Every structure is written in C-alpha cells, then in structure tokens.
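Please look over the sequence and the model below before reading on. The text then goes through selected elements and contacts.

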Amino acid sequence: MPAEKKAAEEKPDKLRRAITLGGGGPAAGLHIGVLDALAAKGITFDVWALSCIGAWVGIVYNQFDQEKVKNKERPEKTYQFFRDGVFRDDESYEHFPINTVFGPDWGNIKKSLSKFIREPSNYEDFAWDPYKTLAAFQDSMSIFLDHMPDKENKFRKLDKGDINKWILNQVMAPNPFVRYLTSMMYLSNVTGLSRINYPDSDFMKSINFEELKKCESTIFHNAWNLDDQKLALFCNRLMKDPDYVGGINASTLCACSALPFIEETVQIGRKTYCEGALVDTVNFESLLQEHGDLDEIWISRIVDTKQVRKPKDLHDALANLCQLFAATVGEDDVRLFKYHVKCDEPRKWTGTVVEIHVPAHINFKWNHSNLDHGRALGKAAAEEAIAAYKRAGEKTAKQNKDEIGKARFINENPAKDRKVQARLKEILEREGINKDVLMQAILKAKPPRLDQQILPQKMHWWVDAKGQQVEPNDKGEFPDGSIPYAVFALRNPKVKEAYGDLHPAPDLNLL
C-alpha cells in the first residue's frame, strides 16, 4: 500500500467535541473571548454543556440563523448582545453599580408588602409588654454596671463589638417598630433582590429559542429543582438522562442563573428552580453518560479563587460571596472529573480534555470595560490552549485507547508548559536547529509513514536516551539525561546527513 494512502487512512475522522461553559456572572467576557478564538481557528462543537452565565453565552451564541450568520461572526454578535442588553456603560455604572437586567420585581414587592401590612399577626408586637421592656432595661444596666469600677476592678471601657451587640439585642430587637420593619424586609414573600424571568419582555424575546431546535449541536443547561431537591437538565434535544425535564426556553434559562438572594426563584409548571451551577458547574457526569462517544472535551471555567480580592465596599463583598463559592465548586468539579477519568477502572472514556485556564486579572463589575477586558483575556487564554492542543495533535478517543490506554489532558498547567517551551526554544536556538528543515530531513532519511502526521508534535517532545517521550514534573523539569527530540533525531547519521544537505553550513571563506 502506498505510504500516502496509508497515512490518509490513518488520519482521524471528524472528531466529536464538547465544550463546557461554567458560571461566573460579570466575567462573561471571558467566555466570549474564548469562543472568539475557537471560531477563528475553525474549532466547532457537537455538544454544549452549560450553566449560569455560561448558559446565557452559549445559548445566545447558538441562537442565530445558521444560514445567515457564520461561525466566525457569532462571537461579535454575542458580544453585542451582552454589551447593549446586559452590561452598563462605565460612566453610569460608577454611580449605579447594577447591570441593566437585575431590576427589582416591583409588582411582587407591592403585593408582598400589601399582604404583610394586612396580616393581623404582624401587629401583635405593638401590644406593650412591660416585662419585655423591663428585661431589656435590666440587661442594659447589667452590661454597663459590670464595667463600672469597684474596690477590686478598674473601670473597663466598652469595646465597639460590645456596644454594637447591645444596640442590636437590647435596643433594636425589643423595639416593636424596628421588629415590624425588619419582619417586613426579611419575611415578606420576596425571594430575591431582582427578577429577570419575564418571558414576554423585549429582552427575552430578543433570544431566538426556536432556532436552537434547528441547531445541529446538542445544547443543554442545568438548574436546581428546589421541590424535589435534585438537579434538572433542559436540552434542545430529548435526553436519556433521568434528570432531563424538557426543552430550553426563556424561563429555563432564567432558572439556571437564579442565584439565591440575588435573583428570585423561577416557577416552571409546579416546580420551583434556582441556579444549578453551585451544585454542578460543568455537568461532566451527564455529559459522558449522554455522549460517551465524545473524542474531546474543552473546559472553559471563568471564575477562579485567584480572582477574589479584598473588598472595598458592599458591591465587592457581595460579588466575592457569589464568586468564591462558584470558583471553589468549579475547581473541585474539574478535579473530581479528572480524577475519575484518570483512576476509574476499567477506563470508560479515553478522549482528550483541553483546559482553558482563566486569568486572574478581571473584576466582577457589570460594566463595558470589564466586558471588553474579559473578552481580550479570554481570547488570549484560549489561544494559549489551542497552541498547546496543536502541539499535542488531534487524536480520537480510540487512538488514545490504542496508543496509551487512557485519556489525554492538554494545557493542565500553562505556566509549566510555557517554561518547557521556553527551554526548548533556548536549546534549539543554541544548537542552531531549524525544526522545519529537520522534519524534511527525517522524512528524506526515513520512508514516510505515520511520521508525516506526528512529526510536528514530536518537535515539541523531550525524550530519553532510547527516544521514548518523557513528561516534565509539576515544576516543568525533565528527568536527568532527557533531551529535545530534535537534538536526539540529529544524532542519527542519515538524518544528520540529510539535514546538512538541506541546511548546509556556511562556507568557511565567508566566516
């Protein structure tokens, strides 16, 4: 069989890819930048596993008419949707730090307050109880008298914490007017600071959910069923997963991002839902149960504990509260998934996992500058992951199983990879090795077989004395005696001769 024909037959068929877009609210620009870089390289996905803001980005990205909008145009249109419809301009955000869709549900607030005001039991505290008043007075006197000087003890000054505790428990708590207002604030039937679940609003109608049904890709997102206490999945296709509830629409999308306290819960049928990302950030279990034939899973997780910084105000503190939980759950989900893929026996899935690592240089503001900054950072992070992916080469799950018997993990540690690549570049430059010419020399010296496909990958390898690939440790350091594959290849006399013919040394008379 001719070598060219054999190489063509060994080339993998179209890979089945999935992408997971996790939660992270105002860090949505990172997802958009990631999709921008992937689309520019023509990398498409058969399955989209989504949660929280990742569901919004993924659904908006896929809701455009496939015949009219090309893949490379989708990131820009997605960016415009969020820029014009969700994020606020910087000048306005500086003094009104709320995005354009997190509005209070004034109708429900009015209804709840009206119900609270008309409830007779809420006025029982207004009946004066002299014993409660006297008890509060006695507690106050006891606190102050305990700090007064006597024969054995000097006067002790009340600490701020003691004073604040006294105000809370002996001044505010017994006061019937304060109790009434506090009950009205916390015990009325209002389940969140804001509401976005308005399916008939112009904002929600701007998303073409019907187009998702025509989409070739499978798209699903999660939410948490508060009644049944379990995860629920919504998809543009029928799913075998027992957690599957139904199709994707405006209400399911709002449910998947209904972060407790920040947004009101969402009623769908007879069930009540809230955000599911804090339970399962990236839907790995459902993804592999439903799509066990996947060759690759790309992970885009946009929140990280490194992004959480010292707060300057309540805006920052509330953002930290939300994002710290999302970051830790997301990190743990990815670690747990990788652990099962690596350690479960027998190996159930042997595909490739490509991680896109989120940068820490982003904040949690819903303004245009943060959206733009996030998009640029996300694009750069994805380009780094794509470069690592290209160096490793495309392989099907079957090829991984046949060659190494397990899954591959790409771009797990970008800092380590950068160190390795910098060291490789330094050595090749010092030795004066041209990788492109060396590949031609190897093919000239050795009959072309599988090398035509894997040679570009081998140029990034380090090998031992026998030419077997070796991996660096967590610090990017290789075992003693390891050398770049390019240096190892040039030790072969035939390759060295062919390389000299293709890349002759300069004439001594010219030196």
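What follows moves from strands to helices and then to the salt bridges.

This is a predicted model, in which local features need pLDDT of at least 70, side-chain atom pairs count only at pLDDT 80 or more, and totals for chains, interfaces and linings use all residues. Residues are numbered from 1 along each chain as its sequence is written, and side-chain values use heavy atoms, with hydrogens and water left out.

Helices (H or I, at least four residues) and strands (E, at least two) are DSSP runs, numbered from the N terminus. Two strands are taken to pair if DSSP finds at least two bridges between them. Residues are called buried under 20% relative accessible area, exposed over 50% and partly exposed in between, with a 1.4 Å probe and protein chains only.

A useful place to begin is strand β5. Five of the six residues of β5 (residues 230–235) are buried, so this strand is largely enclosed by the rest of the structure. Strand β4 (residues 218–225) pairs with β5 in the antiparallel sense over six bridges, and Asn225 has Lys230 of β5 as its bridge partner. The two strands form a hairpin with four residues between them, and Gln229 in the turn has a positive phi of about 55 degrees. Strand β6 (residues 244–246) is joined to β5 by two bridges, and these two strands run parallel. There, the bridge partner of Leu233 is Tyr244 in β6. In general, the strands of a sheet pair through backbone hydrogen bonds, either parallel or antiparallel.

Another strand residue to inspect is Tyr273, which is placed in β9 (residues 271–274). Tyr273 counts as buried, at 3% relative accessibility. Its C-alpha atom is separated by 8.6 Å from that of Thr252, and the two residues are 21 apart along the chain.

Further along the chain numbering is an open sheet of three strands in the order β14-β13-β15, with antiparallel pairing. β14 (469–470) and β15 (483–484) stand at the edges with a single partner strand each, so one side of each is left without a neighbour in the sheet. Strand β13 (residues 462–463) is joined to β15 by two bridges, in the antiparallel direction. Val463 has Ile483 in β15 as its bridge partner.

Turning to the helices, α8 (residues 160–172) bends by about 25 degrees at Trp166, where the bend is the angle between axes fitted to the seven residues ending at a residue and the seven starting there. At the start of α8, a side-chain oxygen of Asp159 reaches to within 2.8 Å of the backbone nitrogen of Gly161.

The loop between α7 (130–145) and α8 contains Met148. Met148 is partly exposed, with a relative accessible area of 42%. Together with Leu134, Phe137, Met141, Leu145 and Phe155, Met148 makes a nonpolar surface patch of about 620 Å². Such patches are made of residues with over 30% relative accessible area and no salt bridge, like charges being joined within 9 Å and nonpolar side chains (Val, Leu, Ile, Met, Phe, Trp, Tyr) within 5 Å. The accessible areas come from the Shrake-Rupley method with a 1.4 Å probe, and for residues only the protein chains shown count as cover.

The last topic is charge pairing. With a salt bridge defined as a side-chain nitrogen of Lys or Arg within 4 Å of a carboxyl oxygen of Asp or Glu, the count comes to 20 salt bridges. One of them joins Arg16 and Asp293, with the closest N and O atoms 3.0 Å apart. Arg16 lies in the loop between α1 (3–10) and β1 (17–21) and Asp293 in the loop between α13 (284–290) and β10 (296–300), so this pair ties together parts that are 277 residues apart in sequence. Both residues count as partly exposed, Arg16 at 26% relative accessibility and Asp293 at 46%.

Arg17 forms a salt bridge with Glu394, the closest N and O atoms being 3.4 Å apart. This pair links distant parts of the chain, 377 residues apart: Arg17 is in strand β1, and Glu394 is in the loop between α15 (368–392) and α16 (397–403). Arg17 counts as buried at 10% relative accessibility, whereas Glu394 is partly exposed at 38%.

In a further salt bridge, the closest N and O atoms of Glu384 and Arg418 are 2.3 Å apart. Glu384 lies in helix α15 and Arg418 in helix α17 (residues 414–431), so the pair ties together parts that are 34 residues apart in sequence. Salt bridges that share partners also join Lys338, Lys342, Glu355 and Glu412 into one network.

Conventions
Polar contact = N/O pair within 3.5 Å; in protein donor to acceptor, adjacent residues only side chain to side chain.
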